[in-house]
Amino acid sequence: MATPPTREAFLHLYSSTLRASRAFSSYNFRNYFLRRTRNVFREVQGETNPAKLSAFYNKQVEELAVLKRSAIVNQLYGGWRLVVEKDPPPTKLLERADS
Amino acid sequence: MLGFKLEMPRREESLQGKTRPIYLDMQATTPVDPRVLDAMLPYMTDQYGNPHSRTHAYGWEAEKAVEDARKHIADLIGADPKDIVFTSGATESNNMALKGVAHFHKERKRHIITTQTEHKCVLDSCRKLQEEGFDVTYLPVQHNGVIRLDELEAAIRPDTAIVSIMAVNNETGVIQPIKEIGDIVRQHRGVYFHTDAAQAAGKIPIDVNEMNVDLMSLSGHKLYGPKGIGACYVRRRPRVRLEPIINGGGQERGLRSGTLATPLVVGMGEAARICKQEMTRDHTWIKHLSDMLVTKINARVEHVVRNGDPNGYPGCVNLSFAYVEGESLLMALKDVALSSGSACTSASLEPSYVLRALGAAEDMAHSSLRFGMGRFTTEAEIDFVVEKIVSVVQRLRDMSPLWEMVQEGIDISTIDWAQH
């Protein structure tokens, strides 16, 4: 079995997934994906089996791709804040870096 | 990349601080999980083929997607993919199961058993079958909402066609003992067991073989999937014979003709797959939120009654606040999306028949609130709701003359209310 991904690779994947989760405009989805990412990566912390680690890594890479697309769609149709959110509403138009 | 500047939408009045209410009505419907939407979008954009088209790639890829979705749903309930029939929702599945079985066996079987706390679609189908000449027994429930197994056993007759009992009640969250009921029904050959698992699937573990279920209704939009899709599990070994209610080109084993809505089917399949993957995590989280809600409310408000079994599904908490009117409570909680009773009965002013079957007093049934928590609910939302409820109930009780009398120690039930 090939060597499993390095610790740096896992950390990079973790921070990318957190960044994608933070990009959701809906309060509920944002909090859910942040909480889920933390739980899922915490569960795999003690794992040593290289096959399982590789499988987990590959699955999370796929899920990250799904999360990025979902965050884009959510941003396109979002806009209102929930009563519970403490962030102020948007005051100016946001600009995308690649437009 | 795009050729034009992409602007994030500015929704109307969002700059003036318009906010959306918190959603705590998960039994009415659930938000579509973003991962489910991502799985659906290809079939609404480029891959729009009809899954029943046998001759070209558009049809083949749509058919493959539908079969994958069927497999995911079958895995969720422990069934074989060929047993799943896609319908337009749990209401259609319930109609199909009850009316289909009753009409197919109408020569020799004239009896149907159900409970008093079933969903409106089941009760209405039974009423329609009663008009056609069938006998229907509506089993009563105990005070905690669970049926009595000895009453069920006694109600089964030689001409019973089908027993229909829902797994998790949508108004109170009561979980019926499906495995024990399945064992009882299995002992009587020729009686089919149908369960409406719309609220249960994906939330509590269900296995059709372990629980001896012959027919099961599933709903897409209760599993964090899209609305407008559902499924019916129809057992093939031993074969359940039923008459289809929608005739046509013979799709779905002849039981439900019509072109399948590929995006919706794919959405429901993906939702079922995610539910199976996340079931334990979601259940732990929802139990945590539910315990938080109930303990915090009970600690600060008195005379609160929980309707239904405390060991039921934790995501559905039905509380009655004594000496407070339910509709005024709901109107005062304008920042929270709650329901008092089920969505299908909320149009009429009558108290919910489910609470009445549980033996709740009229006034308590009127002042009940149903809190529906789900995968996406947060602790901050629960805290906000608890604060709101405590302040609103206090304010409404201060205005209520009945509350004054209770505080003075007068027993309300001994008063003779005179008309004048």
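**Ile72(A) on helix α3 of chain A.** Ile72(A) is found in helix α3 of chain A, which covers residues 50-76 (helices, H or I, of at least four residues, and strands, E, of at least two, are DSSP runs numbered from the N terminus). In this predicted model, local features need pLDDT of at least 70 and side-chain atom pairs count only at pLDDT 80 or more, while totals for chains, interfaces and linings use all residues. Residues are numbered from 1 along each chain as its sequence is written, and side-chain values use heavy atoms, with hydrogens and water left out.

**A nonpolar surface patch on chain A.** Together with Leu76(A) and Tyr77(A), Ile72(A) forms a nonpolar patch with about 310 Å² of accessible area (Shrake-Rupley method, 1.4 Å probe, only the protein chains shown counting as cover). Such patches join nonpolar side chains within 5 Å, from residues with over 30% relative accessible area and no salt bridge.

**The contact of chain B and chain A.** Heavy atoms within 4.5 Å define the contact, to which chain B gives 37 residues and chain A gives 36 residues. The two chains bury about 3600 Å² between them, 61% of it on carbon and sulfur atoms (the accessible area, 1.4 Å probe, lost on being put together, summed over both). On the side of chain B, Met8(B), Arg11(B) and Arg20(B) lose the most area to chain A, together 18% of what that side buries.

**A salt bridge between the chains.** The side chains of Arg281(B) and Glu43(A) meet in a salt bridge at 3.0 Å, N to O (a side-chain nitrogen of Lys or Arg within 4 Å of a carboxyl oxygen of Asp or Glu). Across this interface the rule finds three salt bridges.

Notes
Chains are lettered from A and ligands numbered from 1 in the order in which they are written. Patches are made of residues with over 30% relative accessible area and no salt bridge: like charges are joined within 9 Å, nonpolar side chains (Val, Leu, Ile, Met, Phe, Trp, Tyr) within 5 Å.
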